[in-house]
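Me: Please give a close account of one strand in the structure shown below. I should also like to see how the description extends from that strand to the rest of the chain.

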Amino acid sequence: MNDPRPRGKQNSAYRSAPRSLSKPRALATNAHIAVLAISSPSTAERIDVAKQHLESRGLRVTIADNIAQQHRGYLAGTDDERAQELNRYLNSSEFDAFFFTRGGYGAMRILDRIDYDAVRRNPRPVVGFSDLTALHQALAIHANVASFHGPMLNLDFFEGLSPDIEQWFWSMLGGAAPMTYRFAHDQVIVEGDASGILFGGCLSLTVALIGTPYDFWIDDGIWFWEDVDEPLYRIDRMLTHLRLSGRLKKIRGVLIGKLKGCGSPSETEALLHETFDPFGVPIVRDLPFGHFGDNLLMPIGASVRLSTSDGTLTILEPAVQP
């Protein structure tokens, strides 16, 4: 029986992103990492522990001055302070990659103050998740540079990555490819195989930026998403918003991370079937990225292949350039 629900036309408020984003440079084993705070503040003690973990690998690590600053209780400094600190690091050739203390809230407040020319001139890995989704989308649109949804210091590097996920992290930033992650059959919501460009991040940030100049989406791509502390009806509302905007009708596959505080597994699975079954694309859930930590690095802009028959997600190409 045909689904009577209208699929909707593609919303003119967004344009599909370029098929090919510029890749950042590969990370050397003795790289100099800048750790920045463009969202909420962190506890310095946790960042110090995470810094020691990175330094134990032979990396040099510099921490931004504003990581523990408090503005309004939820921002690591004023908008001017956070933007100026970010741009100061982006314009320095001293650093080989940019990691972040934590998410929270605040990145989208400074998107119109970022020096995107500095990113284009010297593309280096930018790694983070949660609120950093806003920065990833902005870099893709306004600098045409790929970045990475992945671990941050306040959670992942403080608590430590599991050996397999840490090896995946450093191997990918070093230029390894192809790389394959294997998932269990009980994580499959809808069977199927698909290939496309990987993109995504925190669901609430993607929806919050709809209709702005930082509204990033890839038609015919493989979309990944996760979220935290969103009741099921809010997840429903955000997915419905994307469906009504026409963004789901061309998607080739969906990867869902570990949702934290977002309803029971059975309720969530029912919603996923209701939302995505009409589109006939493979859906996999409970992949190891999201707010539980121990984040699997996800290369935005890379070509990937998803196969539920093999239980594999394969990164087909290097996510960095030599």
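Reply: Val188 stands opposite Val284 of strand β11, and this pair is a convenient place to begin. The model is a predicted one, and the description that follows should be read in that light.

Val188 opens strand β7, which covers residues 188-190 and pairs with β11 in the antiparallel sense over two bridges. A further partner of β11 is strand β10 (residues 253-257); β10 and β11 run parallel and are joined by three bridges. Within that pairing, Val254 of β10 has Ile283 of β11 as its bridge partner. β11 thus has an antiparallel pairing with β7 and a parallel one with β10.

Is β11 enclosed or open to its surroundings? Four of the five residues in β11 (residues 283-287) are buried, so the strand is largely enclosed by the rest of the structure. In a regular strand, side chains alternate between the two faces of the sheet.

From Val254, the path leads to Trp223. Leaving aside neighbours within four places in sequence, Trp223 is in contact with a set of residues that includes Gly253, Val254 and Leu255. Its other contacts include Phe199, Gly200, Leu203, Trp217, Leu239, Leu242, Leu248, Ile251 and Phe276. Trp223 also has a place in the largest nonpolar core, which has 112 residues; Phe99, Trp223, Trp225 and Leu255 touch the most other members. Helix α6 (residues 163-174) gives the largest share of this core, six residues. In soluble globular proteins, nonpolar side chains tend to be buried together.

A further nonpolar residue to examine is Leu209, which lies in the loop between α7 (203-208) and β9 (222-226). With a relative accessibility of 2%, Leu209 counts as buried. Beyond four places in sequence, the residues touched by Leu209 are Met108, Leu111, Ala134, Gln137, Tyr214 and Asp215. The C-alpha atom of Leu209 is 22 Å from that of Pro151, a residue 58 places away along the chain.

Two of those contacts, Ala134 and Gln137, lead to helix α4. Eight of the ten residues of α4 (residues 133-142) are buried, so the helix is largely enclosed by the rest of the structure. The buried residues are Thr133, Ala134, Leu135, His136, Gln137, Ala138, Leu139 and Ala140. Their cover includes β3, α3, β4, β5 (148-149), β8 (193-202) and α7. After α4 comes Asn144, whose phi is positive, near 55°.

The loop between α3 (116-121) and β4 (127-128) holds Arg124, a charged residue. Which surroundings does Arg124 have? Arg124 is buried yet has no salt bridge, and Asp96, the nearest side chain of opposite charge, is 6.6 Å away. The Arg124 side chain does reach backbone oxygens: that of Phe95 at 2.9 Å, and that of Asn122, which lies 3.0 Å from a polar atom of the side chain. Outside four places in sequence, Arg124 touches Pro24, Arg25, Tyr89, Leu90, Ser92, Ser93, Phe95, Asp96, Ala97 and Phe98.

Elsewhere, charged side chains do pair, and the whole structure contains 13 salt bridges. Side chains of opposite charge can pair when their charged atoms come close. One of these bridges joins Arg113 to Asp80 at 2.3 Å, N to O. The pair links distant parts of the chain, 33 residues apart: Arg113 is in the loop between β3 (97-100) and α3, and Asp80 in helix α2 (residues 79-90). Arg113 is partly exposed at 35% relative accessible area, as is Asp80 at 43%.

A second bridge connects Glu55 with Lys51, their closest N and O atoms being 2.6 Å apart. Both residues belong to helix α1 (residues 44-55) and are four residues apart, about one turn of the helix. Glu55 counts as partly exposed at 32% relative accessibility, and Lys51 is partly exposed at 22%.

In a third bridge, Arg234 and Glu230 have their closest N and O atoms 3.6 Å apart. Arg234 is partly exposed, with a relative accessible area of 30%, whereas Glu230 counts as buried at 14%. Through shared partners, salt bridges also join Asp79, Asp80, Arg82, Arg109 and Arg113 into one network.

Technical notes. Residues numbered from 1 in each chain as written. Predicted model: local features only at pLDDT ≥ 70, side-chain atom pairs only at ≥ 80, totals over all residues. Heavy atoms only, no water. Core = buried A, V, L, I, M, F, W, Y, C linked by side-chain atoms within 4.5 Å. Buried < 20%, exposed > 50% of the residue type's maximum accessible area, 1.4 Å probe, protein only. Contact = heavy atoms within 4.5 Å. Lys, Arg positive; Asp, Glu negative; His and termini not counted. Salt bridge = Lys/Arg side-chain N within 4 Å of Asp/Glu carboxyl O. Polar contact = N/O pair within 3.5 Å; in protein donor to acceptor, adjacent residues only side chain to side chain. Pairing = 2+ DSSP bridges.
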